[in-house]
Amino acid sequence: SKAPIRVAVTGAAGQIGYALLFRIASGQMFGPDQPVALNLIEIEPGMNALKGVVMELEDCAFPLLTDVVQTSDLNVGFKDVNWALLVGSVPRKKGMERAELLGINGKIFVGQGKAINDNAAKDVRVLVVGNPCNTNCLIAMQNAPDVPNDRFFAMTRLDENRAKSQLAQKAGVPVSAVSNLCVWGNHSPTMFADFTNAKINGKPATEVITDKAWLEETFLPVVGKRGAAIIEARGASSAASAANAVVDTVVSLTTPTAPGDFHSVCVCSKGEYGAPEGIITSLPIKSDGTKWEVVKGLHLNDFAKEKIAVSINELTSEKETAMAALA
Ligand code: NAI
């Protein structure tokens with residue numbers, strides 16, 4: 001039988017954790033023939049709630065789940081992990097400055113980066129979900145010098161999925177008809193959900209949805225502010241859809257991408273499409289099941305370029321603010 005894939009999840013007792021762990025353990029992330037082990041990481045105040053979540057995992061009697069570690073010790077938590085899903089972070093509280101938030105979370109991701117560097121399996125891959133996820137990912141990457149940069153990812157898949165769903169509804173087609181949807185830039189309201197390169201049933205989305213004003217003035221803000229709209233309606237931030245996007249991201253990186261298609265993942269820029277080198281920014285990614293690459297040759301019109309530049313500038317300033325707060 002196959003050796004288990006060991007997956008660390010931080011913030012495991014949180015909302016997203018509660019929606020995510022059961023999907024990993026049931027085989028939806030790595031397939032129905034692949035055993036998995038979970039290393040669940042929480043801070044001290046979360047350990048009791050985590051105990052309850054683990055009781056529920058036991059009560060699911062998942063055949064694929066080989067063992068579960070519960071810890072607040074990062075060296076134990078990241079020991080031998082093949083994937084590190086960094087979900088936990090400190091949310092922005094009322095009156096908190098952005099610089100303060102970047103500093104608090106920056107410290108967390110310094111520690112997690114070091115612990116991953118020193119303890120994880122040789123093939124470890126890291127996906128950062130906890131916000132501000134791009135900058136948190138950058139900090140973890142910088143603190144894990146032995147782990148190649150191309151193993152670090154941050155999540156914009158929820159934004160991609162939201163965008164696809166909105167386009168499908170507008171066009172009156174099933175969501176599976178929408179492809180080639182790249183979200184560019186930062187996972188923040190400035191990200192650009194690129195309808196200019198998107199396809200609907202293989203045709204340019206802009207030929208199917210000819211209402212340019214809707215695309216530019218309704219679609220983009222609806223996608224950008226979807227998180228806030230969910231908080232407003234549900235009284236809590238998106239969790240099931242975020243967990244679903246985590247599963248989708250890992251599946252997209254570990255299985256071959258449909259020919260001609262791509263997905264949105266934040267990766268360390270090598271200067272693709274004019275992004276500054278070394279920042280974690282969302283780009284169109286395809287995978288052969290083992291290796292991923294940035295899809296080249298997409299045309300960006302002036303409207304797209306301008307939108308992407310705004311988001312990239314935000315990333316650059318987030319980076320500078322975080323670095324200053326950590327110095
Ligand atoms: P939550 O507040 O329900 O859970 C967070 C958990 O993380 C808590 O149990 C807390 O104890 C734990 N935690 C805090 N600091 C930690 C640390 N240093 N180490 C380990 N655990 C720690 O939050 P929720 O809803 O699960 O969201 C988690 C994060 O995901 C938030 O930062 C949120 O903004 C972000 N998010 C990102 C999305 C994306 O698309 N990239 C989408 C939705 C949420």
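**Exercise 1. Two loop residues**

State whether Asn-201 is buried or exposed, and locate the residue in the chain.

*Solution.* Asn-201 has a relative accessible area of 58%. Residues under 20% relative accessible area are buried, those over 50% are exposed and those in between are partly exposed, with a 1.4 Å probe and protein chains only. Asn-201 is therefore exposed. The model is a predicted one, in which local features need pLDDT of at least 70 and side-chain atom pairs count only at pLDDT 80 or more, while totals for chains, interfaces and linings use all residues. Residues are numbered from 1 along each chain as its sequence is written, and side-chain values use heavy atoms, with hydrogens and water left out.

For the location, the elements must be defined: helices (H or I, at least four residues) and strands (E, at least two) are DSSP runs, numbered from the N terminus. Asn-201 belongs to the loop between strand E10 (199-200) and strand E11 (203-204). Its phi is positive, about 50°, although Asn-201 is not a glycine.

Apply the same steps to Asp-80. Its relative accessible area is 45%, so Asp-80 is partly exposed. It is found in the loop between helix H3 (74-77) and strand E4 (83-86). Phi of Asp-80 is near 65°, again a positive value in a residue other than glycine.

**Exercise 2. Two aspartates**

Determine which residues Asp-67 touches and which residues Asp-159 touches, leaving aside residues up to four places away in sequence.

*Solution.* Contact is defined as heavy atoms within 4.5 Å. Asp-67 sits in strand E3 (residues 65-71) and touches Arg-6, Val-36, Ala-37 and Leu-38. Ala-37 illustrates how sequence and space differ: Asp-67 and Ala-37 are 30 residues apart in sequence, yet their C-alpha atoms are 5.0 Å apart. With a relative accessible area of 29%, Asp-67 is partly exposed.

Asp-159, in turn, is part of helix H6 (residues 157-171). Its contacts are Val-183, His-187, Met-191 and Val-223. At 3% relative accessibility, Asp-159 is buried.

**Exercise 3. The surroundings of helix H5**

Establish how many of the 10 residues of helix H5 (residues 133-142) are buried, and name the elements against which these residues pack.

*Solution.* Nine of the 10 residues are buried, so H5 is largely enclosed by the rest of the structure. Among them are Cys-133, Asn-134, Cys-137 and Met-141. The buried residues of H5 pack against H4, H11 and the strands E5 (125-128), E6 (152-154), E12 (263-268) and E13 (280-287).

The loop between E5 and H5 contains Pro-132. Asn-131 and Pro-132 are joined by a cis peptide bond, with omega about -5°.

**Exercise 4. Two helix pairs**

Classify the angle at which H4 packs with H11 and the angle at which H4 crosses H5.

*Solution.* Axes are lines fitted to C-alpha atoms, for helices over the stretch in contact, and angles run from 0 to 180 degrees between N-to-C directions. Angles under 35 degrees count as roughly parallel, over 145 as roughly antiparallel, 65 to 115 as roughly perpendicular and the rest as oblique.

Helix H4 (residues 98-119) and helix H11 (residues 302-326) pack at about 70°, with axes 8 Å apart. H4 is therefore roughly perpendicular to H11. The crossing is right-handed; a crossing is right-handed if the near helix is turned clockwise from the far one by less than a right angle, and left-handed if anticlockwise. The meeting residues include Leu-102 and Val-110 in H4 and Glu-318 and Ala-322 in H11.

The axes of H4 and H5 come within 7 Å and cross at roughly 40°. H4 is therefore oblique to H5. This crossing, too, is right-handed.
The residues in contact are Leu-102, Asn-105, Gly-106, Phe-109, Val-110 and Gly-113 in H4, with Thr-135, Asn-136, Ile-139 and Ala-140 in H5.

**Exercise 5. Cysteines**

Decide how many disulfides the model contains.

*Solution.* A disulfide is a covalent bond between the sulfur atoms of two cysteines. The criterion is a pair of cysteine sulfur atoms within 2.5 Å. By this rule the count is zero. Cys-137 is in no disulfide, for the nearest cysteine sulfur, that of Cys-266, is 7.8 Å away. The sulfur of Cys-268 is 8.3 Å from the closest cysteine sulfur, in Cys-137, and therefore too far for a bond. Both cysteines are buried: Cys-137 has a relative accessible area of 0%, and Cys-268 has 12%.
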